[in-house]
Amino acid sequence: MHTILPFLLAMVAAIVLLNMWATRLKIAYPILLVVFGLFVSFIPGLPVVKINPDLIFFIFLPPLLFEAAWSISFKEMKRWWRIIGSFAFLVVFFTALAVAVAANYFIPGFTIALGFLLGGIVSPPDAVSTGAIMKFVKIPTTTSAILEGESLLNDASSLIIFRFALIAVGTGQFVWQEASLDFFWMIIGGAGIGLLLAWIFVQAHKRLPTEPSSDIALTLIEPYLMYWVAEQFHCSGVLAVVCGGLYMSAKRMIFLNSSSRIRGYSVWESFVFILNGIVFLIIGLELPEIVGGLRSEGVPLRIAIQYGVLITGILIAARIISAYAAMLATLIFRPSVAPRASSARRRLLMPIILGWTGMRGVVSLAAALAIPITLENGLPFPNRNLILFITFVVILLTLLVQGLTLPYIIRYGHVFDDFTDEEKDKQAREEIKQKLKQHVYHFLKNKHESELSSHAGIERMLKHWEEKIQSDGTEWMNEKTKDVFFEMLESQRQFLAELNKDVSIDESIIRHQLYQIDLEEERLKMI
């Protein structure tokens, strides 16, 4: 313990420093973390990092998926559900199938079941890597929503493939009738359990006398409970966390107060950042042990690298082909919902951008490490170390090749030049602010008109908002009529919730205004 604790603290410190360095270099921090972990792994005398395969999913996946579900715009997911669904399910299955066929044909000793196992591991793109890279380029809300929605759902679909392939490898058989029933139970049961538990958690937050600290503590254990309960019923724990997280995210204004939302945002941001950082460091730190396993099995390192490069190429090609197929199908069958483009050249380049965003990361590593060391009969799991090594090569190559080149492709390809109009976003924010000012003014005038003559504070408040409508000033209200002010803030939230039903309004702008309202409420509490 005294040996490993300083090492863990050093890992967290390295994650923070590398993130700052990556920001300065304007590259995604997962790239530096993987390279740094690889470099550190060759330093002699450091403790070997080992994680129990049975715990890897349970430790990392539930909170990462839960936080992603809270961050995504559900309105945008509903708007683009066709292309999100096709990428999250059809493209994942097509990718896994392509990997299975190629592995069975090119890699000696790989059965179709082992190929599907490898395909389920490496098929889902990593949301963290994509999000970290997108910080340095400007893309339209449409593309961002598609990538976020896909990354949230493709984890579930790929892990379902992984689970069935694992069963097929272990038993040596695959019964389609039983697999179909299990498949539907995993999806329906996982989603149902996640929604049921989420409803229970929401009621607990609302009815129990919680405070911000206890609210945050509960949100930290809730994804683990969703995942664990669903797995006990042999359902998809991933889908349970995703569906439960989406439900709770939609209800956050109801069961969490402003203090819990503001503090919880900071806590979760730091927690998920550290988890992601540890996983990406582990990717690099695990390599020497994986290479040692390859040598013990007599697999030459050069040959294993070739397999990894081959599978990486298949993944990239399959995703780009799928992106063009999705675009073609959309233009033929649903041209009205196709993302617009100002020219044929840009329309042809957009699938390449979507296809090039397939960096692999956390989920692929977690799935690979979760492969059991032995089968149920006690025999070693076939080609486990080779699968781990290929997964490592895929993650490393996609992060370095795609991750480093994607910003330049977007920037110099000029694909999204027409969609990144900052003036348009600024104008939308100003319009919403003006609508809020008018809403507050009419709220005060209509609801408290009878009190204006007898309450100087409310009268000054109404005058203040009347002046604010006429000016662009940012002066802060300094009146202490708290009850009316709290009621006004709640009215603003309800107004924004109704405004958010307009599909033409970017939900991120609405969330930004809601966050500002929470900050106003917190400031008033301090007076």
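**Notebook: helix packing around α13**

I began with helix α2 (residues 29-41) and α13, whose axes cross at roughly 45° and which are therefore oblique to each other, since that angle lies neither under 35 degrees nor within 65 to 115. I note that I am working from a predicted model throughout.

I then looked up how the axes of this pair approach, and found that they come within 6 Å, with α2 passing α13 in a right-handed crossing. For the residues involved, I listed Tyr29, Pro30, Leu33, Val34, Phe36, Gly37, Leu38, Val40 and Ser41 on the α2 side, which meet Phe273, Asn276, Gly277, Phe280, Leu281, Ile283, Gly284 and Leu285 in α13. Sorted by class, this contact holds 12 nonpolar and five polar residues, with no charged ones.

Next I turned to helix α13 (residues 258-285) against helix α22 (residues 507-525), where I read an angle of about 115° and axes 9 Å apart. These two helices are therefore roughly perpendicular to each other, and I recorded their crossing as left-handed. Here Ser258, Ser259, Arg261 and Ile262 of α13 meet Tyr515, Asp518, Leu519, Glu521, Glu522 and Lys525 of α22. By class I entered three nonpolar, two polar and five charged residues for the contact of α13 with α22.

Last, I checked the length of helix α5 (residues 81-106), whose 26 residues, at 1.5 Å a residue, should span 38 Å; the end C-alpha atoms are 36 Å apart, so the two values agree. I also looked for a bend in α5 and noted one of about 30° at Phe87.

Terms used:
Residues numbered from 1 in each chain as written. Predicted model: local features only at pLDDT ≥ 70, side-chain atom pairs only at ≥ 80, totals over all residues. Heavy atoms only, no water. Axes fitted to C-alpha atoms, helices over the stretch in contact; angles between N-to-C directions. Helix = DSSP H or I, 4+ residues; strand = E, 2+ residues; numbered from the N terminus. Parallel < 35°, antiparallel > 145°, perpendicular 65-115°, else oblique. Left-handed = near helix turned anticlockwise from the far one by under 90°. Contact = heavy atoms within 4.5 Å. Nonpolar A, V, L, I, M, F, W, Y, C, P; charged D, E, K, R; others polar. Expected span 1.5 Å × (residues − 1). Bend = angle between axes of the 7 residues up to and from the residue.
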